[in-house]
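This report goes through one chain, starting from its nonpolar interior and moving on to its helices. The sequence and structure are shown first.

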Amino acid sequence: MRDVTREQIHLYLDNALTEAEASRIEQAIRASSELKQLLRSILAERDRGEHSVGAIWRRGHLSCPSREQLGAYLLRALDDDLFDYIRFHLETIQCPYCLANLDDLRSQQIEPQPKIKSRRQRIFESSVGLIKPPAPRR
Ligand SMILES: [Zn+2]
């Protein structure tokens with residue numbers, strides 16, 4: 001089942017397809033380990049090349065977003081292109097490394113408020129100790 005070409009995957013990654021065509025390709029990739037493999041090799045090629053999307057990922061591990069980018073993804077604080085790419089990386093490629101990373105980030109974000117407060121308090125208290133008035137001079 002080779003009804004998705006290399007070119008189409010490139011176009012897909014460039015967001016240059018219609019909505020319908022893009023979702024057809026996404027589903028085809030999801031359903032085929034052969035296409036997933038092809039996608040990975042295309043991503044690796046793009047990563048090495050001068051492609052603009054590749055340039056974004058070059059800093060990361062292969063095609064993986066950085067931890068900072070994953071954090072920004074959780075906060076929805078990314079450009080649409082980058083957001084879509086990371087969502088694709090997580091949901092379609094299901095990169096185990098990034099999924100684990102994301103879980104970790106998520107658990108840190110859901111850290112309960114009191115804990116944050118008490119940490120702030122600790123910092124405050126410890127700096128209070130530092131600003132004792134100087135001993136009077138004679
Ligand atoms: Zn990854």
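The largest nonpolar core has 8 residues: Val4, Ile9, Tyr12, Leu13, Ile25, Ile29, Leu39 and Leu43. A nonpolar core here is a set of buried Ala, Val, Leu, Ile, Met, Phe, Trp, Tyr and Cys residues joined through C-beta atoms within 7 Å. A residue is buried if 20 or more other C-beta atoms lie within 10 Å of its own, exposed if 12 or fewer, and partly exposed in between, with C-beta atoms placed from the backbone. Two or more residues of this core come from each of H1, helix H2 (19-31) and helix H3 (33-48), and H1 gives the most, with 3 residues. A second, separate core of 7 residues includes Leu70, Tyr85, Cys95 and Cys98.

The model is predicted: local features need pLDDT of at least 70 and side-chain atom pairs count only at pLDDT 80 or more, while totals for chains, interfaces and linings use all residues. Residues are numbered from 1 along each chain as its sequence is written.

Within the largest core, Ile25 touches Val4, Gln8, Ile9, Tyr12 and Leu17, leaving aside residues up to four places away in sequence. Contact means that the C-beta atoms of two residues, placed from the backbone, lie within 7 Å.

The chain has 8 helices and 0 strands, and its pattern along the sequence is α-α-α-α-α-α-α-α. Helices (H or I, at least four residues) and strands (E, at least two) are DSSP runs, numbered from the N terminus. Of the 138 residues in the chain, 16% are buried. Among contacts between residues at least 6 apart in sequence, 49% join residues at least 24 apart.

Two of the helices, H1 and H5, are set out below.

| Helix | Buried residues | Residue just after, with positive phi |
|---|---|---|
| H1 (residues 6-13) | Ile9, Tyr12 and Leu13 | Asn15, about 55° |
| H5 (residues 67-74) | Gln69, Leu70 and Tyr73 | Arg76, about 55° |

Why do the buried residues of H1 line one face of the helix? Seen down the axis of H1, these residues fall within an arc of 95°, so they line one face. The arc is that of the directions from the helix axis to the C-beta atoms. The buried residues of H5 fall within an arc of 100° seen down its axis, so they also line one face of their helix. An α-helix has 3.6 residues a turn, so residues three or four places apart point the same way.

What covers the buried residues of H5 includes H6 and helix H7 (96-109). The axes of H5 and helix H6 (residues 80-91) come within 10 Å and cross at roughly 100°. That angle makes H5 roughly perpendicular to H6, a label given to angles of 65 to 115 degrees. Axes are lines fitted to C-alpha atoms, for helices over the stretch in contact, and angles run from 0 to 180 degrees between N-to-C directions. Gln69, Leu70 and Tyr73 of H5 make the contact with Leu82, Phe83 and Ile86 of H6. By class, this contact has 5 nonpolar, 1 polar and no charged residues. Ala, Val, Leu, Ile, Met, Phe, Trp, Tyr, Cys and Pro count as nonpolar, Asp, Glu, Lys and Arg as charged, and the others, Gly among them, as polar.

Ala72 also lies in H5. Ala72 counts as partly exposed because it has 18 C-beta neighbours inside 10 Å.

How values were computed:
Angles under 35 degrees count as roughly parallel, over 145 as roughly antiparallel, 65 to 115 as roughly perpendicular and the rest as oblique.
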